[in-house]
2 protein chains.
Amino acid sequence: MIKIFGHKAPDTDSTGSPIIWAWYLNEIKKTPAQAILLGSPNMEADFVLRHWGLEKPAIIQEISPNEPIIIVDTNNPAELPTSVNDATILAIIDHHLLVGGLKSKNPIEVTMRPLACTATIMHDLIGVDLALAPPAIKGMMLSCILSDTLLFRSPTTTNHDRAVAEALAAELGVNMTDLADKMFAAKSDISAFSDAALLRMDSKEYQVADKKLRISVLETTSPNIVLERKLSLMQAMPLVAAEDGADQVLLFVVDILREEATLLVPNALVAEMARASFGALVTGDTVTLPGIMSRKKQIIPALKL
Amino acid sequence: MIKIFGHKAPDTDSTGSPIIWAWYLNEIKKTPAQAILLGSPNMEADFVLRHWGLEKPAIIQEISPNEPIIIVDTNNPAELPTSVNDATILAIIDHHLLVGGLKSKNPIEVTMRPLACTATIMHDLIGVDLALAPPAIKGMMLSCILSDTLLFRSPTTTNHDRAVAEALAAELGVNMTDLADKMFAAKSDISAFSDAALLRMDSKEYQVADKKLRISVLETTSPNIVLERKLSLMQAMPLVAAEDGADQVLLFVVDILREEATLLVPNALVAEMARASFGALVTGDTVTLPGIMSRKKQIIPALKL
């Protein structure tokens, strides 16, 4: 049985893409495969599973040696179990920048495309066989695209992502704005999460110069709900950084509707990074970064110390 | 202008695939691109270029920072200029195991497939547009497949590689056996090469336990021409290893027709590797390994210390 999974702290694409690919392998390729999760799905992904009537995949922490696996929506070992390179990687399907570090024991299938969403790549790989997919699979594909493009607002959006989403929505009779509103509202309901959980919810580790950074992004239609908690979030940062072996946590609160990010500025290091990376003048404990919505396209490439 | 290149010490696939992809980008995608080489093509690749009337690409050693590049037929930094990660990698098309180590600054296209030949992957990516290709491009594609599959004898051969080659040969009116015979004869003419040049001709660096190995494979229809030079080849090994920063050179002389390899055994380390890796009993300064033809599928996965 092949295990298919995305990154830790699964968002909608990392929850939905394994389900889509498991359907394709089981039903079309007649290859036994199982979608799994490397952690609890976020609130939006949880909503999307329920919305499309899909079962929540089992959550696991570690991979056994030589276990056959397919990795989707990441190629970054830091976002995967430490045991990943002892497993037998069969394929990688991803839309992030190439990080390096994953190794295979044999030639494998790797499909990376500069698209907004893993599900869009899967749409293309599945091709005409997608006609055989049940509505829930097509709906999950649509939700992945709406999520990763923030309803086509993110600069990662390509014409192809939009065209695929529009075709799926038309076929399913779904109003994309309505569905996206519900998804973003679910994601914005953060009341149940601790500060540490929020800092880790959609968080990726990157090295910038000599600093290991945990770069957290919270995409929300209600940034004030997060920013009201800014003091306790900043207090939680050193603890989260220490527990996760990072030098600093950066939290970008992305306002999906206003298309801007607010960076929390707990100390002089982050203030200097905001200045060096985004030309931002920091005067208080937050700074607004107009137009910044994408960690992949805008934050990671800009970050300097 | 995008530079497209394969690995150092270019064989037919690393010479031909950049030419095929440059044709596709220039003529179909209207994107200016140039095939280049990271060294002199081997004798077979040189023959193939002349056979199909294709111009020999320019040879370069280094890549400029931020230069846009496409890497084909390898994903191994050890087979590429050290400056490769400072360039702007736009795409990777390859059929080798995932080594890890290449990094991109932005999301890129990566297409790796467990096929025998990069040109077969390109055949699939180009799709119906291949009908627009001139015979020389289709002929180069065919020659790449014949070369990497050793006329379908190598265990790396898939049904798909064979089907693509057969369709191309039928369309071009080419007798594959005749063409392969000429290609392998060209590759077997090693008289012009020094011992050091032979040891580096089709050579890849791999780490096995704490040893850095330069694993050389000479595919030939006339193994005796190489084996007659075994003493001077073994004498040249320590010098080549020292110059290239390796601990040991391994030379496998692959007999394409008999489908076996002869490993030169210059010392106890190599004798022990032959025993541990292939269960071979070494009594002299060479050992025959029946059925061994592929570095990728058979030698690299087996190597132990």
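Start by selecting helix 1 (residues 12-28) and helix 2 (residues 43-51) of chain A, whose axes come within 8 Å and cross at roughly 35 degrees. Show side chains for A:Thr12, A:Thr15 and A:Ile19 on helix 1 of chain A, then for A:Glu44, A:Ala45, A:Val48 and A:Leu49 on helix 2 of chain A; these residues make the contact. By class, the contact of these two helices has four nonpolar, two polar and one charged residues. Keep in mind throughout that this is a predicted model.

**The sheet that runs through both chains**

Next, colour by strand. An open sheet of 12 strands follows the order 3(A)-2(A)-1(A)-4(A)-5(A)-6(A)-6(B)-5(B)-4(B)-1(B)-2(B)-3(B), with mixed pairing. Its edge strands are strand 3 (58-59) of chain A and strand 3 (58-59) of chain B, each of which pairs on one side only.

Within chain A, select strand 1 (residues 2-5) and strand 4; the two run parallel and are joined by three bridges. Here A:Phe5 stands opposite A:Ile71 in strand 4 of chain A.

Now move to chain B and select helix 1 (residues 12-28). This helix lies across strand 1 (2-5), strand 2 (33-37), strand 4 (68-72) and strand 5 (88-94) of chain B, and runs at about 175 degrees to strand 2 of chain B. Add helix 3 (residues 118-126) of chain B, which packs on the sheet and touches strand 4, strand 5 and strand 6 of chain B. The direction of helix 3 of chain B makes about 105 degrees with that of strand 5 of chain B.

**Where the chains meet**

Select strand 6 (residues 109-112) of chain A and strand 6 of chain B: they run antiparallel, joined by three bridges. A:Thr111 stands opposite B:Thr111 in strand 6 of chain B.

Widen the selection to the whole contact, which takes 24 residues from chain B and 24 residues from chain A. The area buried between the chains is about 1900 Å², with carbon and sulfur atoms giving 58% of it. On the chain B side, pick out B:Leu98, B:Pro107 and B:Arg113, which lose the most area to chain A and together account for 31% of what that side buries.

What polar links should you look for? The rule finds 10 residue pairs in polar contact across the interface, but zero salt bridges. In chain B, strand 6 (109-112) and helix 11 (295-302) each supply at least two residues of the side that touches chain A. Strand 6 of chain B gives the most, with four residues. By class, this side of chain B has 12 nonpolar, seven polar and five charged residues.

**The second sheet of chain A**

Return to chain A and select strands 7 to 11, which form an open sheet of five strands in the order 7-8-9-10-11, with mixed pairing. Strand 7 (203-208) and strand 11 (286-290) of chain A are its edges. Neighbouring strands of this sheet are turned by 25 degrees against each other on average, direction ignored.

Strand 10 (residues 260-264) and strand 11 of chain A pair in the antiparallel sense over five bridges. A:Ala261 stands opposite A:Leu289 in strand 11 of chain A. Show helix 9 (residues 230-243) of chain A, which lies across strand 8 (211-220), strand 9 (248-255), strand 10 and strand 11 of chain A. Helix 11 (residues 295-302) of chain A also packs on the sheet, touching strand 7, strand 8 and strand 9 of chain A.

**Last stop**

Finish at A:Lys204, which forms a salt bridge with A:Glu79; their closest N and O atoms are 3.7 Å apart. A:Lys204 is in strand 7 of chain A, while A:Glu79 is in the loop between strand 4 (68-72) and strand 5 (88-94) of chain A, 125 residues apart.

Technical notes: Residues numbered from 1 in each chain as written. Chains lettered and ligands numbered in written order. Predicted model: local features only at pLDDT ≥ 70, side-chain atom pairs only at ≥ 80, totals over all residues. Heavy atoms only, no water. Pairing = 2+ DSSP bridges. Axes fitted to C-alpha atoms, helices over the stretch in contact; angles between N-to-C directions. Contact = heavy atoms within 4.5 Å. Buried area = accessible area lost by both parts, 1.4 Å probe. Salt bridge = Lys/Arg side-chain N within 4 Å of Asp/Glu carboxyl O. Polar contact = N/O pair within 3.5 Å; in protein donor to acceptor, adjacent residues only side chain to side chain. Nonpolar A, V, L, I, M, F, W, Y, C, P; charged D, E, K, R; others polar.
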